[in-house]
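Please walk me through this model, beginning with the chain as a whole and then turning to individual elements and residues.

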Amino acid sequence: MIKQAREIAIRVHADQTDKLNIPYLAHVEDVSKRVSHLGENYQVVGLLHDAVEDVSPDQQKSLIIEIQKLFDNEIFYAIECMTKREPPRFEKREDYFQEYLPRLVNSEIAKQVKIADSSHNLSKAHLIEDPDKQAKLRNKYIRVLDFLGVDGKSCERPLIYKDGSWVEK
């Protein structure tokens, strides 16, 4: 199951980089690792949490069908909860704090993966050179983590990218 999820993640994210120009695949691998103690379903969702959003609109439907066929309903539902509803797949973009996060917490897997995702993003915010952008992102991730029921500030553990993966500084 994890092997299949990793293959999809590689296919989707292979050529993508994050805001720091670091391979995006390292992000989903780190998120998956952060929830590995919770079980395989969590790891799979960690690997695929951004997959639907990160393919082109014309590939979204086939990717959703592939995920639905390969994985059980709990995994599929968690990925659906994690996927932001935006055009063109949806009529309008949902509000992040008023619609997206309240919908996401309907799945315990999605909630735990979002905590791992936001903790990862918060922990690499120190690498953003623009102080205003860094502060804005740091505040957003702390707010997300607080919304999800954890102390956002305590989730920041500065990361560096080393030898192909994220590690604590």
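What radius of gyration does the protein chain have, and how does that value stand against a compact globule of 169 residues? The coordinates belong to a predicted model, and in it the protein chain has a radius of gyration of 15 Å, which agrees with the value near 15 Å that a compact globule with 169 residues would have. Taken along the principal axes, the box filled by the C-alpha atoms comes to roughly 40 × 35 × 30 Å.

The secondary structure consists of nine helices and two strands, and the order along the sequence is α-α-α-α-α-α-α-α-α-β-β, with the two strands following the helices. Of the 169 residues, 46% count as buried. When contacts between residues at least 6 apart in sequence are considered, 60% of them join residues at least 24 apart. The surface that the protein chain exposes is about 9,000 Å², and 48% of this area is supplied by carbon and sulfur atoms. As for charge, there are 26 positive and 29 negative charges, and their mean positions are 2 Å apart.

Helix 2, which spans residues 24-34, is a useful place to enter the fold. Its buried residues are Y24, A26, H27, V28, D30, V31 and S32, a list that includes the charged residue D30. Which elements take part in covering these residues? The cover includes helix 1, helix 3 (40-48), helix 4 (51-54) and helix 8 (108-123), together with strand 1 and strand 2, so that both helices and strands contribute to it.

R34 also lies in helix 2, and with a relative accessible area of 27% this residue counts as partly exposed, because that value falls between the limits of 20% for buried and 50% for exposed. Residues up to four places away in sequence aside, R34 touches A116, S119, H120, S123 and L159. The C-alpha atoms of R34 and A116 are 5.9 Å apart in space, although 82 residues separate the two in sequence.

Two further residues show contacts of this kind in other helices. L70 has its place in helix 5, residues 57-70, and is partly exposed at 33% relative accessibility. Beyond its sequence neighbours up to four places away, L70 touches Q4 and I8, while its C-alpha atom is 8.8 Å from that of A5, a residue 65 places apart from L70 in sequence. F76, in helix 6 (residues 73-82), is buried or exposed? F76 counts as buried, because its relative accessibility of 16% is under the limit of 20%. Leaving aside neighbours within four places in sequence, F76 is in contact with I64, I67 and Q68, and the C-alpha atoms of F76 and V44, which are 32 residues apart along the chain, are separated by 9.9 Å.

The two strands form a hairpin with two residues between them. Strand 1 (159-162) and strand 2 (165-168) pair in the antiparallel sense over four bridges, and within this pairing I160 stands opposite V167 of strand 2. D163 lies in the loop between the strands and takes a positive phi near 55° there. With 76% relative accessibility, D163 counts as exposed.

Most residues other than glycine have a negative phi, and this is the background against which the backbone of such loop residues can be read. A second case is N21, which has a positive phi of about 70° although it is not a glycine. N21 lies in the loop between helix 1 (2-13) and helix 2 (24-34), and its relative accessible area of 59% places this residue among the exposed ones, because the limit for that class is over 50%. N21 and D163 thus each combine a loop position with a positive phi and an exposed side of the classification.

Definitions and conventions:
Residues are numbered from 1 along each chain as its sequence is written. This is a predicted model: local features need pLDDT of at least 70, side-chain atom pairs count only at pLDDT 80 or more; totals for chains, interfaces and linings use all residues. Side-chain values use heavy atoms; hydrogens and water are left out. Buried means under 20% relative accessible area, exposed over 50%, partly exposed in between (1.4 Å probe, protein chains only). Two strands pair if DSSP finds at least two bridges between them. The radius of gyration is taken over C-alpha atoms; the globule rule is 2.2 Å times the number of residues to the power 0.38. Contact means heavy atoms within 4.5 Å. Accessible areas come from the Shrake-Rupley method with a 1.4 Å probe; for residues, only the protein chains shown count as cover. The place of a charge is taken as NZ of Lys, CZ of Arg, CG of Asp or CD of Glu.
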